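Reader: I'm new to protein models and I'd like to walk through one with you. Could you show it to me?

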Amino acid sequence: MDATQVQQDVLGAPEPGRKNDPSVEVSLKVPPQSGSSNADRAKPSAASAANAPSKQPTAEVSADKADDGADAAKPGLVQRGKRWLRNSWRLSVACLLSALGGMGITWCMVVDEPAAQVSEDSNAEAPRYVAALSRRHEPIRPLVPFEDLNPDVVSLGRKLFHDPALSGNGRVSCASCHQPAAGGDDGLKRSLGLDGQPGSFNAPTVLNAALNCQQSWDGRSPTLEQHVDGPLTDPAQMGSDWERILKYLTTETSYLREFRTHMEGDPTQERVREAIATYERSLITVNSPFDQWLGGDESALGTEALSGYYTFHKLNCVACHQGELVGGSMFQPLGDMRKYFTAKRQLDERDWGRFHVTKRDSDRFVFRVPGLRNAELTAPYFHDGSAATLEDAVEAMIRYQVGQEPNDEEVRRIAIFLRTLTGDLPE
Ligand code: HEC
Ligand code: HEC
């Protein structure tokens with residue numbers, strides 16, 4: 001079954017206003033962003049292949065160097081001419097192959113591998129290097145930490161994030177529902193509100209959330225800064241208000257001192273938002289076994305994890321879950337929604353997803369695809385916490401998102417692969 005067929009099966013016939021190709025969906029559904037670092041870091045899949053993000057993993061940089069190394073010393077014109085010849089040669093081979101095989105894109109990528117240049121490299125680390133190079137086109141990219149975060153602002157943000165005194169009743173902090181060292185969520189089906197009652201949604205992880213194209217299940221906040229007010233003032237979450245928060249931060253001398261020293265002034269709404277968001281940007285969980293494998297370490301993944309990754313590809317999970325975050329870059333409907341929900345429970349307003357933001361009927365049941373980094377630690381799953389274990393979530397995805405009957409062995413191996421996405425956790 002080819003990719004188009006899978007998408008047809010998953011999403012049904014195209015509806016007016018909604019394209020069924022997730023890669024097209026990216027450009028249609030994710031509005032271009034400006035100024036925010038999220039936008040800079042988390043380009044949707046279609047864009048990220050062409051526009052390399054500002055921070056590239058070392059492996060890729062060296063790969064490009066190898067590709068162009070022989071030409072580097074030559075004058076510009078000759079170099080450009082050579083490159084053109086090389087590329088046009090590749091293009092004709094790609095066209096020929098795509099005409100033969102009907103798999104244009106895949107073949108283009110294979111032809112583009114600069115294998116010849118690599119073997120000329122006499123670098124002592126060659127085996128590791130070649131392995132990394134052959135992974136240039138993997139749809140999943142390694143996590144790279146944000147540079148230039150001011151450590152004092154990070155530490156102030158951390159303090160605010162963990163301080164229950166910011167809440168209306170002095171008992172709930174951001175960390176009550178997003179425990180950074182425990183996976184960045186609260187382990188509950190639905191987060192408990194101020195009054196101890198279950199809220200509407202399962203808490204997504206705050207780890208790597210900086211890489212989401214937009215924040216929250218319905219994507220209502222374009223940036224981390226813009227997301228801060230929601231939980232602080234929502235009566236069901238922290239039930240506080242800015243007047244109360246700023247009064248507290250100004251009267252607490254240690255806070256006042258830190259704001260003045262590290263943020264150039266007294267506490268303001270803007271500085272509080274900036275400090276918390278800066279802390280959140282520091283929560284990038286590098287070094288997962290999968291990223292080590294992407295970097296060329298053959299021993300980082302076992303056979304079962306590799307075969308799980310292969311299945312993840314084969315079932316086209318990568319159409320929606322790719323990039324650094326293995327998701328987080330687009331909005332998609334939860335499969336055959338009605339079937340999913342009526343199989344589990346009655347539909348209600350929280351299942352309308354993105355519709356709450358856009359008020360477009362085509363956005364009903366559409367959610368921001370969650371990233372799958374550290375998914376091992378963030379059970380239960382989905383916006384309503386309706387999948388209790390990672391295996392349950394994978395099984396539901398195969399059934400409702402890919403449109404196939406799940407097979408136990410595939411589910412098990414995909415879950416093993418997903419567990420290799422757990423990186424270094426913050427303290
Ligand atoms: C009572 C529990 C609770 C508290 C307290 C809380 N959150 Fe959340 N958080 C949630 C839930 C539930 C969601 C999902 C809400 C939605 O999508 O509508 C969420 C979503 C988020 C997201 C979006 C993540 C993503 O993947 O889309 C971020 C970022 C976040 N919270 C940060 C914070 C910060 C910062 C604070 C403190 C100012 C905070 N949260 C306080 C429960 C909580
Ligand atoms: C058409 C896009 C699409 C495809 C294809 C897809 N997913 Fe998802 N995935 C989503 C969306 C949307 C959600 C969130 C659904 C919700 O919360 O209601 C999700 C959620 C998940 C979650 C739960 C994450 C969390 O934190 O709650 C896992 C695990 C997952 N997908 C794995 C997979 C696997 C494995 C495959 C392939 C078998 C797959 N997905 C295919 C869109 C997709």
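Author: Here are some questions and answers about this predicted model.

Reader: Let's start with the overview: how many helices and strands does the protein chain have?
Author: Let's take the size of the thing before the count. The chain runs to 427 residues, of which 38% count as buried. As for its elements, the protein chain has 21 helices and two strands.

Reader: What percentage of the contacts with a separation of 6 or more is between residues 24 or more positions apart?
Author: One example of a far-apart pair is Glu280 and Ala210, which are 70 residues apart along the chain but have C-alpha atoms separated by 6.6 Å. Looking at the protein chain's contacts with a separation of 6 or more, the share from residues 24 or more positions apart is 66%.

Reader: Which domains does the largest nonpolar core lie between?
Author: This core has 73 residues, and those with the most contacts inside it are Ala275, Ile276, Ala393, Val394 and Leu418. Its largest share, seven residues, comes from helix 20 (residues 390-402). Two domains both give residues to the core, so it lies between them: domain 1 (3-51 + 288-419) and domain 3 (151-281).

Reader: And which residues is Ala275 in contact with, leaving aside its neighbours within four places in sequence?
Author: Ala275 is among the residues with the most contacts inside that core. Setting aside the neighbours within four places in sequence, its contacts are Val153, Leu156, Gly157, Leu160 and Met263.

Reader: Now the ligands. Which element gives the largest share of the shell around ligand 1?
Author: There are 25 residues around ligand 1, and Cys174, Cys177, Pro204, Ser216 and Pro231 come nearest. Two elements give two or more residues to this shell, namely helix 11 and helix 12. The largest share is five residues, and it comes from helix 12.

Reader: How many residues of the shell around ligand 2 are nonpolar, polar and charged?
Author: Ligand 2 has 27 residues around it, with Cys317, Cys320, Tyr381, Phe382 and Met397 coming nearest. Helix 20 gives the largest share of this shell, six residues. For ligand 1, the shell divides into 15 nonpolar, ten polar and no charged. For ligand 2, the split is 21 nonpolar, six polar and no charged.

Reader: Back to helix 12: within what arc do its buried residues fall?
Author: The buried residues of helix 12 (residues 224-233) are Leu224, Glu225, His227, Val228, Pro231 and Leu232. Looking down the axis of helix 12, you find that they line one face of the helix, because they fall within an arc of 150°.

Reader: What covers those buried residues of helix 12?
Author: Pro231, one of the buried residues of helix 12, is also among the residues nearest ligand 1. The cover over the buried residues includes helix 11 (174-177), helix 13 (242-251) and helix 15 (269-281).

Reader: Is Glu280 buried or exposed?
Author: Glu280 has its place in helix 15. Not counting residues up to four places away in sequence, Glu280 touches Val206, Ala209, Ala210 and Leu224. The cut-off for being buried is 20 or more other C-beta atoms within 10 Å. Glu280 has 27 of them, so the verdict is buried.

Reader: What separates the C-alpha atoms of Asn208 and Leu283?
Author: Asn208 is found in the loop between helix 11 and helix 12, and it is buried, with 24 other C-beta atoms within 10 Å. Among the residues Asn208 touches are Leu143, Leu283 and Ile284. Asn208 and Leu283 are 75 residues apart along the chain, yet the distance between their C-alpha atoms is 5.7 Å.

Reader: Are Asn287 and Val326 buried or partly exposed?
Author: Both have a positive phi although neither is a glycine: about 75° for Asn287 and about 55° for Val326. Asn287 is in the loop between helix 15 and helix 16 (289-294), while Val326 is in the loop between helix 17 (303-314) and strand 1 (331-333). Asn287, with 14 other C-beta atoms within 10 Å, is partly exposed. Val326, with 28 C-beta neighbours inside 10 Å, is buried.

Reader: Last one: where is the omega near -10°?
Author: Most peptide bonds are trans. Here we want a cis one, and it leads to Pro380, in the loop between strand 2 (366-368) and helix 20. The bond with that omega is the one from Ala379 to Pro380.

Conventions
Residues are numbered from 1 along each chain as its sequence is written. Chains are lettered from A and ligands numbered from 1 in the order in which they are written. This is a predicted model: local features need pLDDT of at least 70, side-chain atom pairs count only at pLDDT 80 or more; totals for chains, interfaces and linings use all residues. A nonpolar core is a set of buried Ala, Val, Leu, Ile, Met, Phe, Trp, Tyr and Cys residues joined through C-beta atoms within 7 Å. A residue is buried if 20 or more other C-beta atoms lie within 10 Å of its own, exposed if 12 or fewer, and partly exposed in between; C-beta atoms are placed from the backbone. Helices (H or I, at least four residues) and strands (E, at least two) are DSSP runs, numbered from the N terminus. Domain bounds come from an automatic or database domain assignment. Two residues are in contact if their C-beta atoms, placed from the backbone, lie within 7 Å. A residue is near a molecule or strand if its C-beta atom, placed from the backbone, lies within 6 Å of it. Ala, Val, Leu, Ile, Met, Phe, Trp, Tyr, Cys and Pro count as nonpolar, Asp, Glu, Lys and Arg as charged, and the others, Gly among them, as polar. The arc is that of the directions from the helix axis to the C-beta atoms.
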